[in-house]
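Trainee: Could you go through this structure with me, one question at a time? I would like to see the reasoning behind each answer.

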Amino acid sequence: MRLLQRALRRSTLPLAYSQGYNPRLRLNLALPLPLGVTANREYGELYLSEKIDPAQLISSLSAQLPAGLELLGVFEVSAESSSLAALVAAACYRAKLVDAKEKSLAVVQIERAVSKLMAAEELLMPRSGKKKKQISDINIRPYIFELRLDSGLRAVPEVVMLLKAGSDGGVSPFYLLQLLDACEPDCGSEARQWSVERESLYLISNGALIPLTEGA
Amino acid sequence: MVDSTLETILNKVQKPGRYVGNEWNSCLKEHDQVQLRMVLAFPDLYEVGMSNQGIKILYDSVNKDVDLLIERVFAPAADMEEQLRQEGYPLFALESGKPLNAFDIVGFSLQYELSYTNVLNMLDLAGIPIYSKQRGDNHPLIIGGGPCSFNPEPLAPFFDLFLLGEAEEALPLLLKEIIINKQNGLTREELLVQLSSRQGVYVPSFYNPLYSSGRFSGFEKLIEQAPDAIEKNYVADLDSAPYPTAPVVPYIQTAHDRAVVEIFRGCSRGCRFCQAGYIFKPVRRRSSEKIIETARDLIALTGYDEISLSSLSSSDYPGVDELINRLDEALAGKGVRCSLPSLRLDSYAVTLAEKLHQGRRSTLTFAPEAATERLRKVIGKRISEAEIYQALTAAVTAGWQGFKLYFMIGLPTEEDADVEAIVELCRELRQTFRRQGRHNIRFVISIATFVPKAHSPFQWEPQLSMPSVIRRQQLLIEKFRKMPWVEFSWHDAETSFLEAVFARGDRRLAPLLEKAWQLGCRFDGWSEHFSYSRWQKAFEALGINPEDYANRSYSYADPLPWDHLHCGVEKEALVKEHRLAFSVPAEQGSEG
């Protein structure tokens with residue numbers, strides 16, 4: 001975020017700032033990436049103080065971005081349309097097991113854990129309530145739209161998770177991986193190490209989840 | 001520049017962003033495309049080093065030259081050190097990822113005495129022998145600069161040379177001369193002899209310290225050509241001196257995460273405890289045109305949203321209010337905040353602060369240093385009681401909600417009454433504010449311990465003994481405990497003691513440093529790493545009494561280990577200032 005803000009400030013784009021004594025750039029990300037998760041593509045929205053050609057924005061901003069970060073596309077939306085953050089309903093993550101020693105054994109264990117979790121009617125996650133000491137559990141089972149093992153017996157185990165996300169609640173991919181590990185602990189004493197990547201974001205249209213894509 | 005071993009290492013450490021480089025504006029040059037390769041080493045964490053303006057200035061001034069390259073390396077945190085040692089992976093520079101041994105020069109920035117063990121640790125992690133006499137032609141030249149090089153004796157055997165004073169002009173010239181000498185096939189020793197005739201170059205191995213009855217008594221020169229005294233370098237004109245407008249912009253949060261324009265160098269105040277006020281003389285100003293031009297470029301090339309107008313006492317810049325107006329105009333519409341650190345405690349500074357903080361007025365920071373007018377006169381901090389009240393009540397009227405005030409204890413001539421006066425001052429200020437109808441003004445009080453520093457008028461003065469420091473701290477702790485509206489913090493007495501030992505140390509402390517480092521001392525300026533018991537073990541092992549250094553009172557006639565290093569202020573001038581300090585009539589009590 002800080003990186004993007006600084007890149008924008010270096011560009012000569014007509015940026016819009018928030019009102020007040022501490023003006024801030026009007027830049028929002030659709031769904032901030034959890035710490036420790038990588039992503040192939042990210043979506044965000046930026047307000048400008050005057051209308052410019054999307055191609056011009058791409059060239060001005062791209063010149064200020066460090067290697068490894070690429071501006072893929074820019075689309076103009078009407079100021080009245082609801083924000084990306086409000087539209088996002090779910091996110092799909094892919095977790096790969098790091099340092100898997102007994103791959104086939106891990107696959108079997110994880111397969112079992114996945115079925116157990118999917119079969120459960122209720123999965124409670126403790127959540128601190130608004131008053132400090134009050135802790136309420138919430139059932140996150142409805143937040144799991146999809147959970148499956150996505151790899152062959154010999155390959156490094158990979159888990160695909162389609163999880164509810166957005167402003168009205170969600171669940172972290174790491175919490176789910178914790179549950180998986182708790183179901184079927186690794187034979188070693190150490191917890192499994194996962195590397196997690198976010199593959200795509202989803203929004204709800206006519207009651208169905210559809211992937212968020214350019215121009216949608 | 002991350003290979004697979006390093007990638008595995010980085011996956012296991014906290015804040016890998018400290019070690020990957022590749023930041024915006026970082027400068028990548030091919031090693032075989034230049035004539036000389038230097039790495040700038042900062043013996044503290046990345047976040048601290050990247051907040052240091054000197055590092056940014058030198059990075060810019062050396063990389064500007066097509067024949068030279070300069071990269072950066074910072075002290076690895078404990079977890080990184082563990083990984084590096086475990087994997088046998090040598091300490092490397094951020095830009096190229098090459099080990100320090102692949103460079104011609106390793107230059108340490110010496111800002112703080114308590115980072116000395118990190119210097120040794122970094123050399124060792126790079127596989128470079130720590131003592132200069134153990135190094136050969138295949139090793140880089142180890143050089144040092146920065147404020148601590150004005151008394152570098154405790155580090156002398158580890159360094160090949162020190163460059164005294166401001167280096168943005170002198171360092172590239174020194175490196176160019178090294179290129180020529182290397183082309184002429186000079187040996188390491190011959191090169192050092194050659195360089196020692198340059199202004200500001202101190203080659204410690206050419207000077208042998210002498211001791212009589214356990215005390216330093218002077219140097220004998222081992223090489224005839226070596227100068228008797230070394231004069232520091234300084235920049236004559238700031239406007240024409242190199243200054244970075246495209247400094248490296250870190251990805252991770254650093255201590256001072258903002259653009260900086262240095263508006264003047266040196267300080268006209270001359271507080272008697274302050275080393276910076278003397279070693280950075282004379283006072284030189286950057287013109288307001290140059291400041292505005294620099295600020296504009298900085299914002300355009302970094303994207304920072306804050307610009308700091310830095311100096312040792314920023315409200316002393318002539319016409320600073322006019323400067324702020326012009327800066328506001330130049331940066332209008334860019335959402336940039338302007339800040340002015342190091343404000344003098346007076347009404348003028350409060351007016352300036354009002355100008356800078358439109359609306360958001362939380363805490364103002366000042367350093368009165370002492371709470372009685374008598375003691376402030378002794379230390380040369382000329383602010384009257386009336387001025388303090390005037391300034392602070394004006395600030396409260398303008399809407400400030402709190403103050404952070406820095407004080408020192410253990411100052412020469414200080415008595416318990418002077419220390420208690422800190423508490424009284426807080427109490428009375430609170431009363432005054434209450435009469436103004438402001439009941440909830442926040443007080444943040446921070447107490448440091450006086451450390452006598454080389455080249456300041458108080459260089460002859462002892463540090464207050466540790467038990468007395470602790471007793472005076474206790475006095476404050478007890479009184480402030482009953483005043484929950486004061487947020488009170490103090491510097492660890494043992495840390496300040498060690499700082500005093502090294503600030504006026506001599507060469508006999510070098511083996512002690514080595515011992516302490518071997519015992520595991522690192523990051524001694526960080527309370528979570530500092531272990532005084534390790535240091536005590538080191539003192540015992542070497543038979544050194546640290547109090548002989550910290551608590552010793554010198555006479556004017558005593559030879560000092562830094563007498564041959566000249567900062568531009570004559571010793572007579574320091575003597576005069578020292579005498580003046582103690583001719584201040586005492587209002588109460590004796591002069592101690």
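Mentor: Happy to; we will take the strands, the domains, the chain interface and the salt bridges in turn, keeping in mind that this is a predicted model.

Trainee: Let us start with β9(A). In which sense do strand β2 and strand β9 of chain A pair, parallel or antiparallel?

Mentor: Strand β2 covers residues 37-39 of chain A, and strand β9 covers residues 193-205. Within this pairing, Thr38(A) has Glu197(A) as its bridge partner. Three bridges join the two strands, and their sense is parallel.

Trainee: How many bridges join strand β4 of chain A to β9(A)?

Mentor: Here the strands run antiparallel, with β4 spanning residues 88-98 of chain A. One pair to look at is Val98(A), which stands opposite Gln193(A) in β9(A). The number of bridges between β4(A) and β9(A) is ten.

Trainee: And which residue in the turn between β9(A) and β10(A) has a positive phi?

Mentor: Strand β10 (residues 208-211) of chain A runs antiparallel to β9(A), with four bridges between them. Leu203(A) faces Ile210(A) across this pairing. The two strands form a hairpin with two residues between them, and the turn residue with a positive phi, about 50°, is Asn206(A).

Trainee: Now the domains of chain A. How far apart do the C-alpha centres of domain 1 and domain 2 of chain A lie?

Mentor: Domain 1 of chain A takes in residues 1-81, and domain 2 takes in 88-211. Their contact involves 13 residues from domain 1 and eleven residues from domain 2. The distance between the C-alpha centres of the two domains is 30 Å.

Trainee: Which three residues supply 47% of the area that domain 1 of chain A buries against domain 2 of chain A?

Mentor: Between them, the two domains of chain A bury about 900 Å², and carbon and sulfur atoms give 58% of this area. On the domain 1 side, one trio supplies more than any other three residues. Two of its members, Val37(A) and Thr38(A), fall in the residue range 37-39 of β2(A). The full trio is Leu31(A), Val37(A) and Thr38(A).

Trainee: Which residue forms a salt bridge with Glu42(A)?

Mentor: The count between the two domains of chain A is one salt bridge, alongside five residue pairs in polar contact. By class, the side of domain 1 that touches domain 2 has nine nonpolar, three polar and one charged residues. In the salt bridge of Glu42(A), the closest N and O atoms are 2.8 Å apart, and the partner is Arg198(A).

Trainee: Moving on to the two chains, which three residues of chain A supply 45% of the area it buries against chain B?

Mentor: The interface brings 13 residues of chain A into contact with 21 residues of chain B. About 1,400 Å² is buried between the chains, with 49% of it on carbon and sulfur atoms. The trio that supplies more of chain A's share than any other three residues is Arg6(A), Arg9(A) and Arg10(A).

Trainee: Which residue of chain B forms a salt bridge with Arg6(A)?

Mentor: Across this interface there is one salt bridge, and eight residue pairs are in polar contact. The side of chain A that touches chain B divides into seven nonpolar, two polar and four charged residues. Arg6(A) has its closest N to O approach at 3.2 Å, and the partner is Asp257(B).

Trainee: Back inside chain A, how many residues apart in sequence are the parts that Arg94(A) and Glu158(A) tie together?

Mentor: The side chains of Arg94(A) and Glu158(A) meet in a salt bridge, at 2.5 Å from N to O. Arg94(A) lies in β4(A) and Glu158(A) in β8(A), so the pair ties together parts whose separation in sequence is 64 residues.

Trainee: One last question, on chain B: which strands stand at the edges of the sheet?

Mentor: Six strands of chain B form an open sheet with mixed pairing, in the order β2-β1-β3-β4-β5-β6. Inside that order, β1(B) and β3(B) run parallel with four bridges, and Val39(B) has Val106(B) as its bridge partner. Each edge strand has a single partner, so one side of it is left without a neighbour in the sheet; the edge strands are β2 (68-74) and β6 (201-202) of chain B.

Conventions: Residues numbered from 1 in each chain as written. Chains lettered and ligands numbered in written order. Predicted model: local features only at pLDDT ≥ 70, side-chain atom pairs only at ≥ 80, totals over all residues. Heavy atoms only, no water. Pairing = 2+ DSSP bridges. Domains from an automatic or database assignment. Contact = heavy atoms within 4.5 Å. Buried area = accessible area lost by both parts, 1.4 Å probe. Salt bridge = Lys/Arg side-chain N within 4 Å of Asp/Glu carboxyl O. Polar contact = N/O pair within 3.5 Å; in protein donor to acceptor, adjacent residues only side chain to side chain. Nonpolar A, V, L, I, M, F, W, Y, C, P; charged D, E, K, R; others polar.
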